[in-house]
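Got your viewer open and a selection box ready? Let's take a walk through this one, stop by stop.

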Protein chains: 2
Amino acid sequence: MTKGPQFQPVQPVRAYQRIVEQVEDALARGDLTPGQRLPSERELVAQFAVSRSTVREALRVLESNGVVRSRPGDPNGPEILPFSQAALRKQMVRLARVDELTLSELIGFRMIMDGAAIQVASRLRTETELDELEHTLVAMRDAIDVDFAAFGEADLAFHELIARISRNALIQTCNEVVRGVVLSLISDKIAHAPNSRALMLESLHHHADVVDAIRTGNGHAAARIARQNMFDYYAGYVPDSEQETLRALIED
Amino acid sequence: MTKGPQFQPVQPVRAYQRIVEQVEDALARGDLTPGQRLPSERELVAQFAVSRSTVREALRVLESNGVVRSRPGDPNGPEILPFSQAALRKQMVRLARVDELTLSELIGFRMIMDGAAIQVASRLRTETELDELEHTLVAMRDAIDVDFAAFGEADLAFHELIARISRNALIQTCNEVVRGVVLSLISDKIAHAPNSRALMLESLHHHADVVDAIRTGNGHAAARIARQNMFDYYAGYVPDSEQETLRALIED
DNA sequence: TGCCGCCAACTGGTCCGACCAGTGGACTAG
DNA sequence: CTAGTCCACTGGTCGGACCAGTTGGCGGCA
């Protein structure tokens, strides 16, 4: 067993990295808040005592991370952005294609998250939130007569409301991100399904059942219905060999 | 109701962005795979017909996204990296501090993910995987006599194994990322808990109960035990006002 | 007086050329 | 055949330059 002062491998710290760190730290400390502006690039050159190239590389990193946004000609300078899921989704999309995330894994993830959100929501929901859920059901029914995109939006509103009632922003964010990734993979297939209207109707009925279960406080049943619904909705696009893992999520 | 050719707001596409897109697309198509090398910056200048500043800004974005890594003096050029959770974690940490993600939301998320993974694992596990689980329990028991960090590692190994058995890499990744975020927030508090040894022992017993439930195929019970364990382990660090949402996750 | 249109002073986006400290392979001397 | 040197090339940084676009103020017009 070796002992000693556990040295860490030291890698050179680039100048633009330290600029990024300073900005992010200021943001973490609250010295910088969304909506505020950064000085102009040329002003930052003076403050950080580096060249404009270096400042710009730091700004590109911050911009890519969704921290700031630069607009040409804006006299106020780069804008500090509020957090957005765009960056998180970017990472997940990359994870989906590089690490060969399968569709069944994404759908299984959604079944878990949505089921859990519904289970929690059935406990914490207030009467007014229950009314809101009813309203989203009406909106979904109306959307069926419009087109598939409208139905998708209404469905999104339903699940966003569920996530909000569950009082967990992380569930909400992950749900939306993964939902976006799934749809980007198979939305065209769904839209061209011959029996899309029947699918929408069935999905609507499932959602209504979920709301009923939530009303009676039966979170376990509500969650099971929701998972079953999502399975029925997506299972057709999942290879048979992968469906077993999804079925394991439906069990009582 | 307005109709018409649905014009999209057009924002200028920066040159470095199109370079980033080309590289990411090549990666998505498989023309570029992890381990391969990009041409040198000066070579990219020629291929993309832009200035070196532009190439470098694109490389900084790619590097910040965890796609490539540049090393000074490397004659082989920037390296294409395999996916890492570092970028995903970075986004979540940012989400945690900017959007004021509460500790209870993070813990609730882990309770859900870990519980679901255990539920699925109890169905899909093989005999050899069951043996592996037993081994991680032994490792945890041994680690208690070392120190808290060792116990944390053994605990991590347990949950990673669970996630692997659940056959869902997304669960695995999210679990590890969120776990990292949680620990970065309260690891110091846990390490200085006066009764840390008692906590570790109790946690070990809970884990053993989980494995027993998995062995008998009782996924529902296993998941409930796991969620209860995580609640007991972390609840002390969560404000009373937020504990209600976590309790909603333990119910039968 | 009040409105409108022009203009100048910015902004960020891109390009160029240069220098530096490293790296690593080829080449040479032993 | 090995060990040491050397040099071509790498990425990191710098400074200056030009362009197109935005913006706000100034001046002229109604």
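How many nonpolar, polar and charged residues does the surface near DNA strand C have? By class, that surface has eight nonpolar, eight polar and eight charged residues. Keep in mind as you click around that this is a predicted model.

**Stop 1: DNA strand C**

Select DNA strand C and show what lies around it: 24 residues surround the strand. Label the closest ones, which are Ser40(A), Ala15(B), Val50(B), Thr54(B) and Gly73(B). Now colour by helix. From chain A, α2 (41–48) supplies at least two residues of this surface, and so do α1 (15–29) and α3 (52–64) from chain B.

**Stop 2: DNA strand D**

Hop over to DNA strand D, where you'll find 24 residues around the strand. Here the closest are Ala15(A), Val50(A), Thr54(A), Gly73(A) and Ser40(B). The elements giving two or more residues to this surface are α1 and α3 of chain A, along with α2 of chain B. Sorted by class, the surface near DNA strand D has eight nonpolar, eight polar and eight charged residues.

**Stop 3: the two protein chains together**

Hide the DNA for a moment and give chains A and B separate colours. If your viewer can superpose chains, try it: a rotation of 180 degrees with 0.1 Å of shift along its axis puts chain A on chain B, with an RMSD of 0.2 Å. The two copies are thus related as by a two-fold rotation axis.

Next, select the residues where the chains touch. The contact takes 40 residues from chain A and 40 residues from chain B. On the chain A side, the helices that each supply at least two residues are α1 (15–29), α3 (52–64), α4 (85–98), α5 (103–124) and α8 (169–191). Highlight α5(A), since the largest share of that side, nine residues, comes from there. The chain A side divides into 21 nonpolar, nine polar and 10 charged residues.

Do the copies use one surface or two? Of the interface residues of chain A, 100% are also interface residues in chain B, so the copies meet through the same surface.

**Stop 4: α2 against α3, in both chains**

Zoom in on chain A and select α2(A) and α3(A). Their axes are 9 Å apart and they pack at an angle of about 110 degrees, so α2(A) and α3(A) are roughly perpendicular to each other. Turn on side chains for Glu41(A), Arg42(A), Leu44(A), Val45(A) and Phe48(A) in α2(A), then for Arg52(A), Val55(A), Arg56(A) and Leu59(A) in α3(A); these residues make the contact. By class, they divide into five nonpolar, no polar and four charged.

Now jump to chain B. Helix α2 (residues 41–48) of chain B packs with α3(B) at about 110 degrees, their axes 9 Å apart. That makes α2(B) roughly perpendicular to α3(B). Among the residues of α2(B) in this contact are Leu44(B), Val45(B) and Phe48(B), and the α3(B) side includes Val55(B) and Leu59(B).

**Stop 5: α6 and α9 of chain A**

Go back to chain A and select helix α6 (residues 127–144) and helix α9 (residues 196–215). The axes of this pair come within 10 Å and cross at roughly 170 degrees. Therefore α6(A) and α9(A) are roughly antiparallel to each other. From α6(A), show residues including Leu130(A), Leu133(A), Leu137(A) and Ile144(A); from α9(A), the residues they meet include Met200(A), Leu201(A), Leu204(A) and Val211(A). The whole contact divides into 11 nonpolar residues, one polar and four charged.

**Last stop: colour by confidence**

Switch to pLDDT colouring on chain A. The mean is 85, and 93% of the residues of chain A reach 70 or more. Then select residues 1–5 of chain A, where the pLDDT is below 50. Beyond near neighbours in sequence, this stretch has zero contacts in the model.

How values were computed. Residues are numbered from 1 along each chain as its sequence is written. Chains are lettered from A and ligands numbered from 1 in the order in which they are written. This is a predicted model: local features need pLDDT of at least 70, side-chain atom pairs count only at pLDDT 80 or more; totals for chains, interfaces and linings use all residues. A residue is near a molecule or strand if its C-beta atom, placed from the backbone, lies within 6 Å of it. Helices (H or I, at least four residues) and strands (E, at least two) are DSSP runs, numbered from the N terminus. Ala, Val, Leu, Ile, Met, Phe, Trp, Tyr, Cys and Pro count as nonpolar, Asp, Glu, Lys and Arg as charged, and the others, Gly among them, as polar. Two residues are in contact if their C-beta atoms, placed from the backbone, lie within 7 Å. Axes are lines fitted to C-alpha atoms, for helices over the stretch in contact, and angles run from 0 to 180 degrees between N-to-C directions. Angles under 35 degrees count as roughly parallel, over 145 as roughly antiparallel, 65 to 115 as roughly perpendicular and the rest as oblique. Copies are superposed by least squares on the C-alpha atoms of residues with pLDDT of at least 70 in both. pLDDT is the predictor's confidence in each residue, from 0 to 100.
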